[in-house]
Every structure is written in structure tokens, then in C-alpha cells.
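Here is a friendly walk through one protein model, written for someone who works at the bench. Have the sequence and the 3D view open as you read.

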Amino acid sequence: MRKDVRILLVGEPKVGKTSLIMSLVSEEFPDEVPLRAEEITIPADVTPERVPTHIVDYSEAEQSDEQLYQEISKANVICIVYSVNNKKSIEKVTSHWIPLINDRTDKDSRVPLILVGNKSDLVEHSSMETILPIMNQYQDIETCVECSAKNLKNISELFYYAQKAVLHPTGPLYCPEEKELKPSCIKALTRIFKISDLDNDGTLNDSELNFFQRTCFNTPLAPQALEDVKNVVRRNMMDGVKDNGLTLKGFLFLHTLFIQRGRHETTWTVLRRFGYDDDLELTQEYLFPLIKIPPDCTTELNHNAYLFLQSVFDKHDKDRDCALSPEEVKDLFKVFPYMPWGPDVNNTVCTNEQGWLTYQGYLSQWTLTTYLDVQRSLEYLGYLGYSIIYEQESQAAAITVTRNKRIDLQKKQTQRSVFRCNVLGARGSGKSGFLQAFLGRNLQRQRRIREEHKSFYAISTTYVYGQEKYLLLHEMMPDLDFLTEMDLACDVVCLVYDVNNPRSFEYCAKVYKQYFIDSKTPCVVIAAKSDLHEVRQHYSLSPHDFCRKHKLHPPQPFTCSTNEAPSKDIYTRLTTMAMYPHMAQADLKNSTFWLRASVGATVFAVLGFAMYRALLKQR
């Protein structure tokens with residue numbers, strides 16, 4: 001909503017512009033009227049809308065054309081004053097003032113106009129018959145008010161309507177010729193309806209209507225009032241109410257009715273509560289609330305955010321198969337102006353046999369977005385109405401900013417839930433296979449992935465000592481010349497080489513010595529394609545000798561050429577090293593470090609799966 005309103009009064013000399021302003025301020029008709037009133041400001045606390053209002057007078061005798069043009073460009077609303085007993089002043093409204101104002105304002109953002117018929121105390125008849133055709137001819141005219149500066153008739157109403165024309169304009173909402181809502185208004189109200197339809201059954205039941213009413217107007221509706229609203233809809237349209245709930249058609253009809261009855265502020269209150277500006281676009285403040293992220297800190301979703309996202313999943317998983325089909329995903333994102341997830345998402349997270357996003361995969365993708373691009377995550381949560389449904393000040397309430405990683409290292413413990421692993425290796429070494437294996441896909445399933453749908457990320461959950469954590473794998477491009485230290489920053493590094501390619505390990509050795517030899521980031525060497533014949537590497541040291549020399553764990557054999565889903569042990573180990581980098585170094589010679597992590601992970605993975613199934617049954 002605007003921070004202030006600027007009202008300009010124009011019109012022919014002697015029509016009473018200055019008298020109107022002075023009568024408003026002093027609440028009595030002035031004995032002496034100057035040529036022009038000084039600009040006055042009405043404080044917010046005495047205006048109905050609680051917005052400071054500036055009222056500006058124009059005098060042909062005192063001001064130049066250039067000054068008039070400047071005032072027109074600064075005005076939020078213009079009152080064209082005429083005298084009801086002066087036909088010439090009425091004619092000048094269309095022959096002079098409206099064309100002049102239109103010439104000086106942008107066609108796409110015309111300033112609202114109000115026609116003001118002053119001196120109604122001097123005549124017994126109304127000028128409305130003459131004015132109505134003018135109002136029908138010009139869309140920019142919000143309303144017409146007849147008043148009297150002398151009798152103080154409709155003076156406060158005039159300035160209230162002027163303020164209302166700025167704060168609650170009809171133009172963006174409604175087309176008077178067609179007598180229907182404009183497409184952009186329908187689009188915004190449709191999104192609002194879908195967000196408010198919490199069970200996604202296509203109607204707003206009494207509980208949802210009450211929540212909507214409380215959210216927008218801070219007051220619930222009495223049961224009789226709810227019935228009265230639905231009865232109005234029933235009387236006017238066939239399919240506005242279904243199963244005693246308000247349909248989208250009925251919802252749109254109600255807003256059309258509000259506007260036709262001059263209650264645009266009702267619709268504007270709803271639109272603004274759901275984040276819309278005067279152009280019916282979601283505001284930057286709504287979509288991108290401020291959030292401070294210090295260096296070496298990461299961003300994660302908190303418990304409430306996950307609960308909200310679970311409810312969104314449940315709302316759209318209509319067949320209750322714990323996966324989102326392409327149609328269900330499309331339905332979920334109908335409240336977005338664009339489709340945010342492409343085909344690559346299905347190759348970034350876990351899917352079912354049909355390639356549909358599972359519940360776990362869906363939450364993983366949200367976790368990934370929040371970690372990599374928190375601003376985008378805030379935007380997405382904004383489209384879904386998080387702050388409205390959870391009654392928070394903004395989406396920023398959904399985000400946890402983790403503490404500085406250095407503090408974690410000092411304290412030798414972390415509260416973080418998401419850990420990043422950079423996967424490096426020469427071209428063809430098996431990096432992509434390593435990522436896809438984490439999502440449970442063997443080589444046979446990986447071959448079905450189209451090149452254009454490939455993802456350089458993979459994210460899923462692992463269990464470390466009974467705690468569920470997210471491991472985010474990022475396949476780095478082989479050409480490291482363009483990468484910065486920030487690009488390489490992570491919690492654990494995977495150096496992948498192909499045991500069957502004699503030139504493969506040299507790249508790993510070079511990368512380690514160039515970037516990680518003095519780093520405190522744990523590194524693991526992965527001997528990929530271990531199902532193939534291992535050949536001697538063309539490097540001065542064998543991979544085992546290299547690891548021994550640099551105090552690294554021995555190369556970990558890995559293959560995704562299996563009949564079943566590949567083993568996930570290595571990913572648990574990586575997460576454990578990311579969580580406890582000091583232990584990974586200290587326990588280098590102690591194989592029980594791996595053993596404890598693997599056994600703990602297996603036990604809790606089984607427990608976790610059992611709990612997950614129980615949760616699904618409840619859902």
C-alpha cells in the first residue's frame with residue numbers, strides 16, 4: 001500500500017477549488033478566499049485509511065503551464081472541479097482538462113480522475129445526467145461527487161473518494177464496459193483461492209472460508225453470515241456453491257459484486273494480504289524478504305517449513321501413492337507464474353519406478369534449492385503462501401541460517417543438516433554414475449537418462465549415528481581453471497578415477513595437490529568402475545601409495561554396474577566425514593571409524609524406513 005497520497009485539484013477559475021480545500025481544513029466556509037491555497041498535509045491518524053494525504057491547489061492566475069504540468073506528473077489522483085451552475089465549466093472537463101491530463105500522463109499508468117461538481121447549494125437540480133455520459137466515455141474517471149463548499153456538503157467524502165481512488169483503484173481490477181473482472185485480477189484471485197483451498201478439493205468449506213476471513217480481515221464470520229454469503233452466490237449463479245463449499249466461480253463472483261457495489265477496498269485488502277501491489281504483481285518485499293547470511297554459514301529449512309511443505313505435498317498427492325505424478329506436479333505449481341522445476345529435477349532426487357517424484361525426493365529438492373539459492377527458495381515459498389498459511393511475518397521465518405563453520409570445527413560438533421560433497425574427476429571417470437547411484441539407480445537405469453535432462457547435483461538422506469542428514473553431491477566440471485576457492489568450498493571432497501583407464505588417476509592427484517593438500521576439508525579417493533579390470537595408472541605413485549603418502553583413506557572401490565540398487569555405504573561414510581572432519585583425520589588408521597558409521601547407518605536406515613512407512617499410513 002502507498003506510503004502517502006497526493007491529490008491535485010484543477011478546473012476553470014472561480015469554480016471553487018480553493019474554497020473546497022479551505023472548507024475541509026477549517027470546517028467552515030471562508031469569508032475571504034485567496035487565489036490559491038498553500039499545499040496542505042493531512043496526517044495519517046486523521047484519515048480513514050491511515051495514510052498521510054497531501055492536497056494541492058492549482059491557480060491559473062498564479063501558476064504557469066509548466067508548473068501545472070509538473071503538478072500533474074506528481075499527482076496520484078486529480079480532482080477536476082466544475083461548477084454545477086456553469087455549463088461552460090462542465091464542457092471544459094472534456095474539451096480541455098481530460099485531454100490535457102492524458103497528454104501529460106503515461107497511457108499505461110493513467111492517474112485516476114474524480115469529477116467534482118461544486119456549488120450544489122446554488123441549484124435545485126443535479127448535474128449527473130450531463131456527467132454520466134462523460135464517466136462512461138472515460139475509463140480513468142473513478143467517480144463523480146456533487147458537493148458544496150459553502151454548506152460543507154460531501155466535502156470530507158470528496159477527499160475520502162480521492163484517497164480511495166489511489167489506494168483502492170478500480171482500473172486494475174474491473175472492466176466497466178464488459179462488467180467483469182480483468183484477466184490479471186482473475187489470475188491473482190485464482191492463486192489466492194488455490195492457496196486458501198487447503199484440502200485441494202476445488203471448494204472453500206466453512207473452515208477454509210473462516211481461515212481466509214481471519215487472515216485477511218482479522219475476524220471470523222458467524223455461521224449465519226457464512227450461509228448468507230453462500231446464499232447470495234446460489235441466487236446469482238448455478239455452480240458458485242458445490243457440496244456447501246464456495247467454488248472458484250463463486251469466489252470470483254463475490255469479488256465482482258464487491259467492486260460493482262463500490263467496495264473495491266474489500267478486494268484490495270485480500271490482494272494486498274496475499275502480497276500484491278497496485279499493478280497486481282507480487283511485491284519484491286513479499287517474494288524476497290531480507291535475510292542476512294554471514295560468510296561461512298549455510299541456509300536450511302526449519303521444522304515448520306518442512307511441515308508446511310509436507311502439507312503441500314499431501315494436498316496435491318490425490319491418489320495417495322506417496323509420489324507426485326507429472327499432472328500432480330503441474331497442479332502444485334499452478335500458483336506460480338512459471339514452471340520452476342524442469343526434467344533435470346527427476347535426475348537430482350529420488351523417484352519411484354515410474355520416474356515420479358517421491359515424498360523424500362520432493363523434500364530433497366526443496367532442501368537443495370534452499371542450500372544453493374535461498375532467495376529462490378523464499379520466492380517459491382512466497383508463491384505457495386507460506387507466510388500467510390503459517391501466519392508468519394515473511395518466508396524468512398522458514399529459514400535457519402547455520403552458524404559459522406569455523407565454530408563447528410572448534411567445538412567439534414555441528415547442528416547442520418545439509419552437507420556438501422564436491423565430486424571431481426577426469427572426463428569419463430564415473431562421476432555422473434556416482435551421483436545417480438546415490439539415488440538408487442544402477443547402470444541400467446542410468447542409461448535411460450537423456451543427456452539434456454542430466455543433472456550435476458544429487459541429493460538424498462543418509463543416517464549418521466541415528467541422525468537423518470542430507471548429503472548434497474555436486475559434480476564439478478573437469479576444467480578447474482575457471483573455478484574459484486568459493487566454488488570449491490564444501491564439507492567433503494570425492495576424487496573419482498576409473499580403475500580401467502590408466503590416465504584417470506593423474507587428474508585426481510593433480511587436483512588434490514593444487515587445491516586440497518593444505519585444506520582441512522576431508523578428501524576421499526573413489527576407485528570407480530571397480531567391476532572392471534584394474535589397470536596400472538600412469539602416475540609416479542599408485543593410488544594406494546599416493547593415499548598413504550598424503551594420509552588419505554585407501555581408495556574406496558565403487559561400481560554402479562549391479563543388478564539391484566548400488567550400495568549406499570560410501571555415501572554414509574562421506575556424510576560422517578563431513579559431520580566429523582576432525583574424527584576423519586584422527587581415525588585415519590582406525591578402521592572402526594568406518595565400521596561404526598556403516599553399522600550405525602544400517603540400523604537407523606532400517607528404523608527410519610519403518611518410521612517413514614508408519615508416517616505414510618497416518619497420512
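A residue is called buried when its relative accessible area is under 20%, exposed when that area is over 50%, and partly exposed in between. Please keep in mind that this is a predicted model.

## Domains

The domain assignment splits the protein into domain 1 (5-167), domain 2 (180-281), domain 3 (296-305 + 319-402) and domain 4 (412-579). Between the C-alpha centres of domain 1 and domain 4 there is a distance of 72 Å.

UniProt has annotations here too, in an unreviewed entry: "domain: Miro" is listed for residues 2-168 and 416-580. Across residues 416-580 the chain is 28% helix and 25% strand, with the end C-alpha atoms 12 Å apart. The unreviewed entry in UniProt also lists "domain: EF-hand" for residues 304-339. In that stretch, residues 304-339, helix makes up 56% of the chain and strand 6%, and 24 Å separates the end C-alpha atoms.

## Salt bridges

How many salt bridges does a search of the whole structure find? The search finds 22. Three of the pairs are set out below.

| Salt bridge | Closest N to O distance |
|---|---|
| R6 and E39 | 3.2 Å |
| E391 and R214 | 3.4 Å |
| E452 and R450 | 2.8 Å |

Let us start with R6 and E39, which form a salt bridge. R6 sits in strand β1 (residues 5-11), while E39 is in the loop between α1 (17-26) and β2 (40-42); the two are 33 residues apart, and the pair links distant parts of the chain. Is R6 buried or exposed? With a relative accessibility of 14%, R6 is buried, because that value falls under the 20% cut-off. Its partner E39 has a relative accessible area of 39% and is therefore partly exposed.

Next come E391 and R214, whose side chains meet in a salt bridge. E391 lies in the loop between α16 (386-389) and β15 (399-401), and R214 belongs to helix α7 (residues 206-217), so this pair ties together parts that are 177 residues apart in sequence. A relative accessible area of 52% makes E391 exposed. R214, at 36%, is partly exposed.

The third pair in the table is E452 with R450. E452 is exposed, at 54% relative accessibility, and R450 is partly exposed, at 49%. Salt bridges with shared partners also join R6, E39, E71 and K74 into one network.

## Backbone angles

Most residues other than glycine have a negative phi. Which way does phi go at N244, positive or negative? N244 has a positive phi of about 65 degrees, although it is not a glycine. This residue, N244, lies in the loop between β10 (241-242) and β11 (245-247), and N244 is partly exposed at 37% relative accessibility.

K529 is not a glycine either, and its phi is positive at about 60 degrees. You will find K529 in the loop between β20 (523-528) and α22 (543-549). Its relative accessible area is 28%, so K529 is partly exposed.

## Cysteines

A disulfide is a covalent bond between the sulfur atoms of two cysteines. How many disulfides does the model contain? The count comes to zero. For C147, the nearest cysteine sulfur is that of C144, 9.0 Å away, and C147 is in no disulfide. Why is C147 not in a disulfide? A disulfide needs two cysteine sulfur atoms within 2.5 Å, and the nearest one to C147 is 9.0 Å away, so the pair does not qualify. C147 is buried, at 0% relative accessibility.

C322 is in no disulfide as well: the nearest cysteine sulfur, which belongs to C350, is 14 Å away. C322 counts as buried, with 17% relative accessibility.

## Around S460

One more residue to look at is S460, in strand β17 (residues 457-464). S460 is buried, at 2% relative accessibility. Which residues are in contact with S460, leaving aside its neighbours within four places in sequence? They are C350, S364, F438, L439, K469, Y470, L471 and K568.

How values were computed:
Residues numbered from 1 in each chain as written. Predicted model: local features only at pLDDT ≥ 70, side-chain atom pairs only at ≥ 80, totals over all residues. Heavy atoms only, no water. Salt bridge = Lys/Arg side-chain N within 4 Å of Asp/Glu carboxyl O. Helix = DSSP H or I, 4+ residues; strand = E, 2+ residues; numbered from the N terminus. Buried < 20%, exposed > 50% of the residue type's maximum accessible area, 1.4 Å probe, protein only. Domains from an automatic or database assignment. UniProt positions renumbered as here; feature names shortened; annotations may be inferred. Contact = heavy atoms within 4.5 Å.
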